[in-house]
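Visitor: I have some questions about a protein model, and I would like to look at it together with you. Could you walk me through it?

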Amino acid sequence: MAAFTSNALHYSSTSTLKHLVPSLEGTRDHSSCWVGMRSQKSTGQRLQQQNTARGLKIQSAATKQAKSPAEEEWKIKRETLLAKKVRSVEAKEALRLQKENKFVILDVRPEAEFKEAHPQDAINVQIYRLIKEWTAWDIARRAAFAFFGIFAGTEENPEFIQTVEAKLDKNAKIIVACSSGGTMKPSQNLPEGQQSRSLIAAYLLVLDGFTNVYHLEGGLYAWFKEGLPTVSEE
């Protein structure tokens, strides 16, 4: 439950931070950052000078990176997932597929959440990781997270696909799971469904050529709520 609470806070600030923090559902606008950075170059230089004395290595990148596939618009991601016939399954159906059809549950949550509790026999490859670098852009994103009381800001894991490929064959039967799950199903309030970490991960997997990708509807919150087999590494 602690992991879900943390995740709820993570998602509650998505709409406000999306222009500055790409790891909140992988969306950001290249042209707008509400953190004041009138001169990114001079800001980066000042931060480098200030932190050199403290022994911190600051990279001299003042602008953010180019848009990645994970940051593609949700509408395009959803269309691709539907075209690739990615199915969404409920928790109990996911358990049946795991037991009877050798499906693998791929938990894309952060490692700490995975260790706290996860489905039995699931494997973990986090799609987002803690922000590692200290460029001006990364410092601005840290500040954006901290503004909302989140002091462990995350960024896209550049080794996600490579790590999955090392663990699973591209023909493996995979059920991708995160905390909330998201949905591709339209509703009155969400005509295009709701994006989530697991759906972003599923999108990256099908782009990379994985052919049997499923999605856990309701996420691991539903799995835990149903009382399905769960293990902890803590």
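**A guided look at the fold**

Guide: Happily! Of the protein's 234 residues, 47% count as buried. Please keep in mind that this is a predicted model.

Visitor: How many helices and strands does the secondary structure come to?
Guide: A word on contacts helps here: among those between residues at least 6 apart in sequence, 72% join residues at least 24 apart. As for the elements themselves, the secondary structure comes to ten helices and nine strands.

Visitor: Let's turn to the strands. Which strand is joined to strand 8 by four bridges?
Guide: Strand 8 covers residues 212–216, and four of its five residues are buried. Strand 1 (residues 87–89) runs parallel to strand 8 and is joined to it by three bridges, with Val89 opposite Leu216. The parallel partner with four bridges is strand 7, residues 173–177.

Visitor: Which residue of strand 8 is the bridge partner of Val176?
Guide: In the pairing of strand 7 with strand 8, Ile174 stands opposite Val213. For Val176, the bridge partner in strand 8 is His215.

Visitor: Is the β-α-β crossover from strand 7 to strand 8 right-handed or left-handed?
Guide: The path between the two strands passes through helix 9, residues 197–207. With the strands pointing away from the viewer, a path that runs clockwise from the first strand over the helix to the second counts as right-handed. This crossover is right-handed.

Visitor: Which residue of strand 7 does Leu106 stand opposite?
Guide: Strand 7 is mostly covered, with four of its five residues buried. Strand 2 pairs with strand 7 in the parallel sense over four bridges. In strand 7, the residue opposite Leu106 is Val176.

Visitor: Now the helices. How wide an arc do the buried residues of helix 4 cover around the axis?
Guide: In helix 4 (residues 74–83), the buried residues are Trp74, Lys77, Arg78, Thr80 and Leu81. They are on the same side of helix 4, because the arc they cover around the axis is only 165°.

Visitor: What is the phi of Lys85, which follows helix 4?
Guide: On the covered side, helix 9 is included in what covers the buried residues of helix 4. After helix 4 comes Lys85, and its phi is positive, near 60°.

Visitor: Why do the buried residues of helix 8 line one face of the helix?
Guide: Phe160, Ile161 and Val164 are the buried residues of helix 8, residues 160–167. Gln162 and Ala166, on the other side of helix 8, are exposed. The buried ones line one face because, seen down the axis of helix 8, they fall within an arc of 90°.

Visitor: What do the buried residues of helix 8 pack against?
Guide: Phe160, Ile161 and Val164 are the residues to follow here. They pack against strand 2 (104–107) and helix 9.

Visitor: Which element gives the most to the largest nonpolar core?
Guide: That core has 28 residues, and Leu81, Phe160 and Leu205 touch the most other members. Two or more residues come from each of helix 4, helix 8, strand 7 and helix 9. With eight residues, the element that gives the most is helix 9.

Visitor: Which residues is Leu81 in contact with, leaving aside its neighbours within four places in sequence?
Guide: Leu81 is among the buried residues of helix 4, and contact here means heavy atoms within 4.5 Å. With the neighbours set aside, the list is Trp74, Val86, Met184, Leu199, Ala202, Tyr203 and Val206.

Visitor: How many residues are in the other core, the one apart from this?
Guide: Its members include Ala94, Leu95, Phe103 and Ala177. The number of residues in that core is 16.

Visitor: Which residues form the aromatic pair?
Guide: A search of the whole structure finds one such pair. The pair is edge-to-face, 4.9 Å centre to centre and with 80° between the planes. The two residues are Phe103 and Tyr214.

Visitor: How many residues apart are Phe103 and Tyr214?
Guide: Phe103 sits in the loop between helix 5 (91–100) and strand 2, while Tyr214 is in strand 8. The pair links distant parts of the chain, and the separation is 111 residues.

Visitor: Is Tyr214 buried or exposed?
Guide: The cut-off for buried is under 20% relative accessible area. Phe103, at 8% relative accessibility, counts as buried. Tyr214 has a relative accessible area of 16%, so Tyr214 is buried.

How values were computed: Residues numbered from 1 in each chain as written. Predicted model: local features only at pLDDT ≥ 70, side-chain atom pairs only at ≥ 80, totals over all residues. Heavy atoms only, no water. Buried < 20%, exposed > 50% of the residue type's maximum accessible area, 1.4 Å probe, protein only. Pairing = 2+ DSSP bridges. Arc of directions from axis to C-beta. Core = buried A, V, L, I, M, F, W, Y, C linked by side-chain atoms within 4.5 Å. Phe/Tyr/Trp six-rings, centres within 6.5 Å; stacked < 30°, edge-to-face > 60°.
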